[in-house]
There are 2 protein chains.
Amino acid sequence: MTTGSSPSGTDSPTAPSESRRARRHDATRAEILDAAWQIVRRDGLTGLSLRDLAAQVGMRAPSLYSYFGSKHEIYDAMFRQGYQQMLLGSPELPEDTTEETLVAFAHEAALRFFDFCVAEPARHQLLFLRTIPGFEPSPESYRVAVEAYDRTVGGLRRFPQVSDADLDLWTAALTGMVSQQLANDPGGTRWRDQVPRVVEMLLAETLGTSQP
Amino acid sequence: MTTGSSPSGTDSPTAPSESRRARRHDATRAEILDAAWQIVRRDGLTGLSLRDLAAQVGMRAPSLYSYFGSKHEIYDAMFRQGYQQMLLGSPELPEDTTEETLVAFAHEAALRFFDFCVAEPARHQLLFLRTIPGFEPSPESYRVAVEAYDRTVGGLRRFPQVSDADLDLWTAALTGMVSQQLANDPGGTRWRDQVPRVVEMLLAETLGTSQP
DNA sequence: CGGAAATCCTAACGCTGTTCGGGCCTGGTG
DNA sequence: CACCAGGCCCGAACAGCGTTAGGATTTCCG
């Protein structure tokens, strides 16, 4: 429609059906996901119903099954999108492993991760809390999640001063701060203000135990 | 049944119906709650259905409404019970505020709290994660929750060395450790083993900032 | 142009929490 | 003791949920 009719010279013969129809399909899929995020932001993660979602894009509920195999598949696509957004906002991986670089990277990564989580509570709930009864991310989506994790908190693993046990402490402390912030002071900064302090504390512990 | 028939001399005339009928009612309520805990342990917190629960106690679903106004009222009663169990296992509140007492109390309270949480994941989910869509504890149940909290982690507030900001760190770190343990190593001790280390770290931070 | 595939619909299934109405049975009272 | 109000329990049903079946309609490709 937009670019008119194109001859069959641009698409390769091995994948001829990768045009027109498939493009429209993907566009509708994206439109459904956008509507889903909108509903989820308004009504909460579990407030999403297929009839509402279908109505939002001018359909009835069964038509959604042309684009997603189930409601959980929609959640799975949103899960993957969420971690891709996290990947986008992740800090640059450090080049050297000096202590100054470690300190700077730790502060940067921690605060970015914290802000990413509290920016959208519904997304945080989907990505980090297992709150949807039967939902478990697909292997492909889980792969994206691991990659995003490695780029942020997991980036500390590049430093030989940081052990795996240390990393467990970092993730537990940071996710704990986020959960408390969202549960007890949503929209505020009561826990966020203490993130630098927590990072300093964790750095002292991490560096203190590795080279006494 | 157990003590035979009692004359009308023991109950006051202002509350005459506080026997027999009401006692049976409370007993059935307790039986329903016990069955609910059993189902929840087996099928998860959200796996509880009123028809299943009713069948477990030899009833049909509508009969449950003679004992609880709604499913959320059942969750609320379980919520209160859960925090009463937490209250039962809480450590003795310290008498003095010396540093040795603080250190000992912190280690004791932290480990007890951790073990209490991981002992029953469904209970932890009900008490600490807000995972049931429309559920919010009633004011009376919330009162019990606050009391239980004050007896454990909140007991640190008795020490003048511990500020409110410090307390936020304690709760965030501990609940974070618990969540990581349950999510990534259920039944294991990967995070539990680090609880003493976290306590020492928090103690160092708390004591270090209050009296430099 | 013909046929296949994708899309969208209505209807319906089984499940959920919840309400209604009516039987039954029992405890307190005249 | 007889009575009857009230608590208890149940079958039926309602609205909502995710999901499926089957039939139209549209759209694209050979």
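Read along the sequence, chain A of this predicted model follows the pattern α-α-α-α-α-α-α-α. The secondary structure of the chain thus described comprises eight helices and zero strands. Of the 212 residues of chain A, 43% are classed as buried. Among the contacts in chain A with a sequence separation of 6 or more, 67% join residues that are 24 or more positions apart. The chain exposes about 11,500 Å², and 50% of this area is supplied by carbon and sulfur atoms.

The surroundings of DNA strand C were examined next. This strand is surrounded by 19 residues, of which the closest are Arg60(A), Ser63(A), Tyr67(A), Tyr65(B) and Lys71(B). Of the atoms of DNA strand C that come within 4 Å of the protein, 65% belong to sugar and phosphate. By class, the surface near the strand consists of eight nonpolar, five polar and six charged residues. Helix H1 (21–43) of chain A and helix H2 (50–56) of chain B each contribute at least two residues to this surface.

Phosphate oxygens of DNA strand C take part in polar contacts with chain B through both side-chain and backbone atoms. A polar side-chain atom of Tyr65(B) is placed 2.6 Å from a phosphate oxygen of the strand. For Lys71(B), a backbone N or O atom lies 2.8 Å from a phosphate oxygen of DNA strand C. At Leu50(B), a polar backbone atom is found 3.0 Å from a phosphate oxygen of DNA strand C. Tyr65(B) and Lys71(B) are also among the closest residues to the strand.

Technical notes: Residues are numbered from 1 along each chain as its sequence is written. Chains are lettered from A and ligands numbered from 1 in the order in which they are written. This is a predicted model: local features need pLDDT of at least 70, side-chain atom pairs count only at pLDDT 80 or more; totals for chains, interfaces and linings use all residues. Side-chain values use heavy atoms; hydrogens and water are left out. A residue is near a molecule or strand if one of its heavy atoms lies within 4 Å of it. A polar contact is a pair of N or O atoms within 3.5 Å; within protein, one must be able to donate a hydrogen and the other to accept it, and residues adjacent in sequence count only if both atoms are side-chain atoms. Helices (H or I, at least four residues) and strands (E, at least two) are DSSP runs, numbered from the N terminus. Ala, Val, Leu, Ile, Met, Phe, Trp, Tyr, Cys and Pro count as nonpolar, Asp, Glu, Lys and Arg as charged, and the others, Gly among them, as polar. Buried means under 20% relative accessible area, exposed over 50%, partly exposed in between (1.4 Å probe, protein chains only). Contact means heavy atoms within 4.5 Å. Accessible areas come from the Shrake-Rupley method with a 1.4 Å probe; for residues, only the protein chains shown count as cover.
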